[in-house]
Amino acid sequence: MTTTVYARVESPLGELLLVGEATAGGSCGVRLRSLSVPGQKGGVAVQDGWRYAPEAFTDVARQLEAYFAGRSTRFDVPLAEGVGTEFQRRVWAVLESIPYGSTVSYGEVAARVGASGAGVRAVGTAIGRNPLLVVRPCHRVIGADGALRGYAGGLERMKLLLGIEGGAGRSES
């Protein structure tokens with residue numbers, strides 16, 4: 001049996017809402033299901049029955065702090081399974097492969113999942129439904145012309161994240 005737990009963590013993006021699945025009596029700890037920012041398009045809100053458990057997110061909070069301070073370039077946190085459609089999970093896997101400090105276009109992501117042409121729109125939708133902002137770096141996907149576009153957390157936050165990574169406008173080769 002799993003219990004939904006949550007915590008709030010301060011960050012340069014505002015107060016982050018972390019949501020995870022905790023297995024009762026299990027040794028796996030918490031699997032992160034969502035990380036959202038205030039006012040995020042499609043972001044989650046705390047639901048009845050969820051348990052406030054900041055202690056469950058100590059490691060995630062530590063990794064986020066290191067990332068925002070420029071001391072870490074990657075995340076190593078257990079993620080909840082079964083989130084998203086098969087297509088979304090394929091797109092999200094591409095996001096996870098984009099190197100720190102690099103950017104790729106929506107078209108490049110579409111090509112990597114075999115959804116070129118009109119599939120770029122479906123890729124954009126899948127990226128927009130990424131429930132793990134920051135941890136799964138959808139902020140590294142930009143327009144083909146190099147413009148910042150469509151970040152669910154807002155373009156100012158996208159710009160801040162790319163600035164932390166030193167990757168604004170630097171395309172992956």
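1. Two strands pair if DSSP finds at least two bridges between them. Strands themselves are DSSP runs of E, at least two residues long, and helices are runs of H or I, at least four, numbered from the N terminus. With that in hand, look at Glu-21: its bridge partner in β3 is Arg-31.

2. A friendly word on the source: this is a predicted model, where local features need pLDDT of at least 70, side-chain atom pairs count only at pLDDT 80 or more, and totals for chains, interfaces and linings use all residues. Residues are numbered from 1 along each chain as its sequence is written, and side-chain values use heavy atoms, leaving out hydrogens and water.

3. Now follow β3, residues 30-36. Its pairing with strand β2 (residues 16-23) is antiparallel and runs over 6 bridges. Of the 7 residues in β3, 5 are buried (under 20% relative accessible area, 1.4 Å probe, protein chains only).

4. Which residues lie nearest the centre of the largest pocket? They are Arg-74, Phe-75, Glu-96, Val-135 and Pro-137, out of 13 that line the pocket. By class, this lining has 7 nonpolar, 1 polar and 5 charged residues. Here Ala, Val, Leu, Ile, Met, Phe, Trp, Tyr, Cys and Pro count as nonpolar, Asp, Glu, Lys and Arg as charged, and the others, Gly among them, as polar.

5. In the second largest pocket, 16 residues form the lining, and Lys-41, Gly-42, Gly-128, Arg-129 and Ala-152 are the closest to its centre. Strand β3 returns here: β3 and α4 (119-128) each supply at least two lining residues. This lining divides into 4 nonpolar, 10 polar and 2 charged residues.

Notes:
Buried < 20%, exposed > 50% of the residue type's maximum accessible area, 1.4 Å probe, protein only. 1 Å grid on protein atoms, 1.4 Å probe; cavity = no way out; pocket = protein on both sides within 12 Å on 5 of 7 lines; lining within 4 Å.
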